[in-house]
Amino acid sequence: MDFSFSPEHEALRDTVRRFCAEHIAPRARQADDSESFPRELFRAWGELGLIGVRYPEADGGSGFDKVSDCIVREEMSRVSQAFASAWSAHSHLAIWPIWRAGTVAQQQRFFAPALAGERVAAFGLSEPDVGSNIRALQTRATKVEGGYRIRGSKLYITNAPIADFITLAARTKPERDAAAISLFLVELPDPAVQIDKLDKEGIRASETGLIHIDDLFVPDECLLGGREGTYPIILECLSENRVGVAANCLGMARGAMAVALDYARTRVVGDRTIGRYQAIAHKLADMAAEIEAAHWMVYHGAWRVDQGTLDAATAARVKLIASETALRVSEQAIRILGGAGIMRDYPVGRFHRDALVYVIGEGTSEIQRNIIARDLEL
């Protein structure tokens, strides 16, 4: 078994690391404080090929694999998870279904310009009163002449306030089965779609919205794939994205660890740096061990995606361990820094607030445990 990254993977990591140092790190705190995302970054990501890292060259992408996707996520999240979240919601959740199931016309109209960073996309799935049960979606799409009329609400939708279009999930049949949920491509702005920007404690620079949809007309050509019942595409998208989100969590843990380690090596108390005290050294040792374990789980999950063998339980295990690791490591980083840990001069508080999002978002830790428990056939 070969556990090493290829030269291409290492070159990609260097490229993303340089980009983050030049274009994200100088903006991270200001963007977090102002809760605003610099929209022009999408075009920069597109020009560098980072939006298309996961997609084949024949379809306009960079032709890399899922391991590469996780490398991009890890490196970006080491600097700012909010920026990585905006990238992820656009590059995977919103446009992956179009690549997988869209018509040629839909791929030309939506996927291609989004891949280039010329249009910003959002993925409209979560709803105010539904929780994690996708089949219980209440947003309804009613068939009318020439298209559909859609009514409903979406909540916690990343990129919604800055999006040019939304890949929107809606119920096209009353039954609670796979054939009842469909995806639509909704152009923005539209007078029937009201988007309210939300104030958040975590991933603040990633703009998130509450969406109200009142009698929105969507033409037939904007029904994804020209067919109803694309619920399985949603499940495929979410399962693969759980491995991706785990890479985001790994990046947050590494970012928090780096700050704590640097502080422990330079902060002097008494006659020595605090890292020389066993209480601090043991915290750092535990953090390093947990990060190493999460690292191998994440990249094993990515390898499984590339092999076509990823299952829901494996994705759940990867996401559960990585997200809980990011939460624990970022909390310990705050404790190591002490009073400095709650000052915004240091980013460990931001890492912790952002990590909290991912024991909830993309499937709560409890949902991941449910999936894993079902796989055990108890």
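**Tyr-156**

I started at Tyr-156, which sits in strand β3, residues 147–158. I looked up its backbone: phi is near 65°, a positive value in a residue other than glycine. This is a predicted model, so I take the angle as a prediction. Next I checked its cover. Tyr-156 has 58% relative accessibility, so I put it down as exposed, the cut-off being over 50%.

**Glu-377**

I found another positive phi at Glu-377, near 55°, and here too the residue is not a glycine. Glu-377 belongs to the segment after α11. At 71% relative accessibility, Glu-377 goes into my exposed column.

**Whole chain**

I then stepped back to the overall picture. I count eleven helices and nine strands in the protein. For 378 residues a compact globule would have a radius of gyration near 21 Å, and the protein has 21 Å, so the two agree. The C-alpha trace spans about 80 × 45 × 40 Å along its principal axes. I noted 54% of the 378 residues as buried. The accessible surface is about 16200 Å², and 52% of that belongs to carbon and sulfur atoms. On contact order, I took the contacts between residues at least 6 apart in sequence: 74% of them join residues at least 24 apart.

**Ile-95**

Where does Ile-95 lie? I found it in the loop between α4 (81–94) and α5 (96–101). Buried or exposed? Ile-95 has 0% relative accessibility, so it counts as buried, the limit being under 20%. I listed what Ile-95 touches, leaving out residues up to four places away in sequence: Ile-51, Tyr-55, His-90, Phe-111, Ala-114, Leu-115, Ala-121 and Phe-165. I also took the C-alpha to C-alpha distance from Ile-95 to Ile-51, which is 9.9 Å across 44 residues of sequence.

**Helix α6**

Phe-111, Ala-114 and Leu-115 turned up among the contacts of Ile-95, so I went on to α6, residues 104–115, because these three are among its buried residues. The others buried in α6 are Gln-106, Phe-110 and Pro-113. I asked what the buried residues of α6 pack against. The partners are α2 (41–48), α4, α5, β4 (165–171) and β5 (181–187). After α6 comes Gly-117, with a positive phi near 80°.

**Two prolines**

Pro-174 is in the loop between β4 and β5. I have Pro-174 as exposed, with a relative accessible area of 60%. From Pro-174 to Ala-136 is 38 residues along the chain, and I get 9.8 Å between their C-alpha atoms.

Further on, I checked Pro-189, in the loop between β5 and β6 (193–197). The peptide bond leading into Pro-189 from Leu-188 is cis, with omega near 0°.

**α9 against α11**

Last, I looked at how α9 (residues 312–337) and α11 (residues 365–375) pack. Their angle is about 145°, and the axes are 9 Å apart. I noted the crossing of α9 past α11 as left-handed. Which residues meet? On the α9 side I have Ala-312, Ala-313, Ala-316, Arg-317, Lys-319, Leu-320, Ser-323 and Glu-324. On the α11 side I have Ser-365, Gln-368, Arg-369, Ile-371, Ile-372 and Asp-375. Sorted by class, this contact holds six nonpolar, three polar and five charged residues.

Note on methods. Residues numbered from 1 in each chain as written. Predicted model: local features only at pLDDT ≥ 70, side-chain atom pairs only at ≥ 80, totals over all residues. Heavy atoms only, no water. Axes fitted to C-alpha atoms, helices over the stretch in contact; angles between N-to-C directions. Helix = DSSP H or I, 4+ residues; strand = E, 2+ residues; numbered from the N terminus. Left-handed = near helix turned anticlockwise from the far one by under 90°. Contact = heavy atoms within 4.5 Å. Nonpolar A, V, L, I, M, F, W, Y, C, P; charged D, E, K, R; others polar. Rg over C-alpha atoms; globule rule 2.2 N^0.38 Å. Buried < 20%, exposed > 50% of the residue type's maximum accessible area, 1.4 Å probe, protein only. Areas by Shrake-Rupley, 256 points an atom, 1.4 Å probe, with all protein chains shown as cover.
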